[in-house]
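These exercises ask you to read elements, burial and contacts from a model. Work through each task before reading its solution.

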Amino acid sequence: MTVSAWQAFWLIVQREMRLSFRRPEQLLQPLVFFLIVTTLFPLGLSLQLSLLRDIAPGVLWVAALLSALLSLDFLFKGDADDGTLEQLALSGHGLTVIVAAKTLAHWLVTGVALVLVSPIVGTALGIPLGAFATMLLSLALGTLTLSWLGAIGAGLTIGLRRGNVLLSLIVLPLATPLLIFGAAATERAITGTSPVGALYFLAALCVFTCTLAPFAAAAALRITLE
Amino acid sequence: MNMSNALCVEKVHVWRGDRHVLQGVSAQVQPQELLHISGPNGAGKTTLLRVVSGLLRPEQGSVSWLGQSIAAIRTDYQATLAYASHEPALKGDLTALENLRFAVGLKRRITADELRASLARTGVAACADLPARVLSAGQRRRVAMARVLAMSAKVWLLDEPYTNLDAAGSELISELLQTHVVGGGLALVVAHHELKLGCQVRRLELNS
């Protein structure tokens, strides 16, 4: 009996989740980085809550982007190194399905975890409780978008020895709209104005990358597989 | 294009940088036939297998399956393949059984019992629940062979399947190859030594 694309998709998601949980250090590394970087700011700056609140959205978002970037390097590299990527590529399902499943699983274990620990960071940075919902939503949209953008970069750089530096150079400029609108949404929520416009923009970026990035990343991967 | 050829490689040229690795290689393989690819190191044997699998696009020439170019029917064609590269391609953190489940499960629906049966067939039933990272090189090779077996694919592409195996292991590979080919399958095998099999074997010698 043949396997449909959906079944293949979920099987790969399961595979990725299982692999991630067998390697907890890979999961924890970006999270701990996120926590440490963000808590260094209150220590390094004066303890004025108003100042901290002003810079909180920017700090939160820069740290989130950098920590998500840390984990992107592993997205395809492990599979490329041990030859399992070739097995996946020859599974009879398009590379688009494989890339989409791997990227979604990557977000589920790294992006969602980051969103879940962000209230701790938010509290450390003095973000009021009322702004938490916006912060969580914007981070969820932002990290998912970043995973898709990162998949394209990771697909292009797996064959390179110093790929992780190049990956940052490719992905970070593309992620600037996320930083701008993500930080804007959080800031508006802190100041009590409506963050809806910025959130809509983030959601639009997310939909845009969800629909197009799998194809771009599959094309990038095909080039590097050759 | 010749429809009678199941798998047809026509005048394939591949360059790797400045190196002209495959220089107009042609070959045909029919069901119940095995193509034994040999040649010195660097002659392009692995490259040829990658071209036949569709992982690598040749700069010139074509590969066709049942009269159709594989570039046009890539995913359908790849669903009929079982490819074993010279690395065993196993995830060290997954057990042998999980490795098989996630690889074979993408090709066809398969139960754990069937997977255990193919592990038993290649003599590694006892390794089913061990993480692949603790297995020896020979055991990993056998698990990789169990994966090929479980895929029940029409075309086998095996890159040096005899590496790291003891005498009994080598005999087992030959036996499995023979059963597959006699049963109507096709196989392309890269091997450095003479293959003594009770089935139709064609030779393709590549020169560097």
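**Exercise 1.** Determine why Ala220(A) counts as buried, and place it in its helix.

Solution. Begin with the rule: a residue is buried if 20 or more other C-beta atoms, placed from the backbone, lie within 10 Å of its own, exposed if 12 or fewer, and partly exposed in between. Ala220(A) has 23 C-beta neighbours inside 10 Å, so it counts as buried. This is a predicted model, in which local features need pLDDT of at least 70, side-chain atom pairs count only at pLDDT 80 or more, and totals for chains, interfaces and linings use all residues. Residues are numbered from 1 along each chain as its sequence is written, while chains are lettered from A and ligands numbered from 1 in the order in which they are written.

Next, locate the residue: Ala220(A) belongs to helix H10 (residues 196–225) of chain A. Helices (H or I, at least four residues) and strands (E, at least two) are DSSP runs, numbered from the N terminus. Ala198(A) lies 22 residues away along the chain, and its C-alpha atom is separated from that of Ala220(A) by 30 Å.

Last, list the contacts (C-beta atoms, placed from the backbone, within 7 Å). Leaving aside neighbours within four places in sequence, Ala220(A) touches Ile152(A), Gly155(A) and Leu156(A).

**Exercise 2.** Work out the strand order of the open sheet of 4 strands in chain B.

Solution. Two strands pair if DSSP finds at least two bridges between them. Strand S1 (residues 7–16) and strand S4 (residues 60–65) of chain B pair in the antiparallel sense over 5 bridges. One bridge partner can be named: Cys8(B) is matched by Ser64(B) in S4(B). The full order is S2-S1-S4-S5, with antiparallel pairing. Strand S2 (19–29) and strand S5 (68–69) of chain B are the edge strands, each pairing on one side only.

**Exercise 3.** Decide how far helix H1 of chain B is covered, and what follows the helix.

Solution. H1(B) spans residues 45–53, and 8 of its 9 residues are buried. Among them are Leu48(B), Leu49(B), Val51(B) and Val52(B), but also Lys45(B) and Arg50(B). After H1(B) comes Gly54(B), with a positive phi near 90°.

**Exercise 4.** Check the radius of gyration of chain B against the rule for a compact globule.

Solution. The radius is taken over C-alpha atoms, and the rule is 2.2 Å times the number of residues to the power 0.38. For 208 residues the rule gives a value near 17 Å; chain B has 17 Å, which agrees. Of these 208 residues, 46% count as buried.

Definitions and conventions: Two residues are in contact if their C-beta atoms, placed from the backbone, lie within 7 Å.
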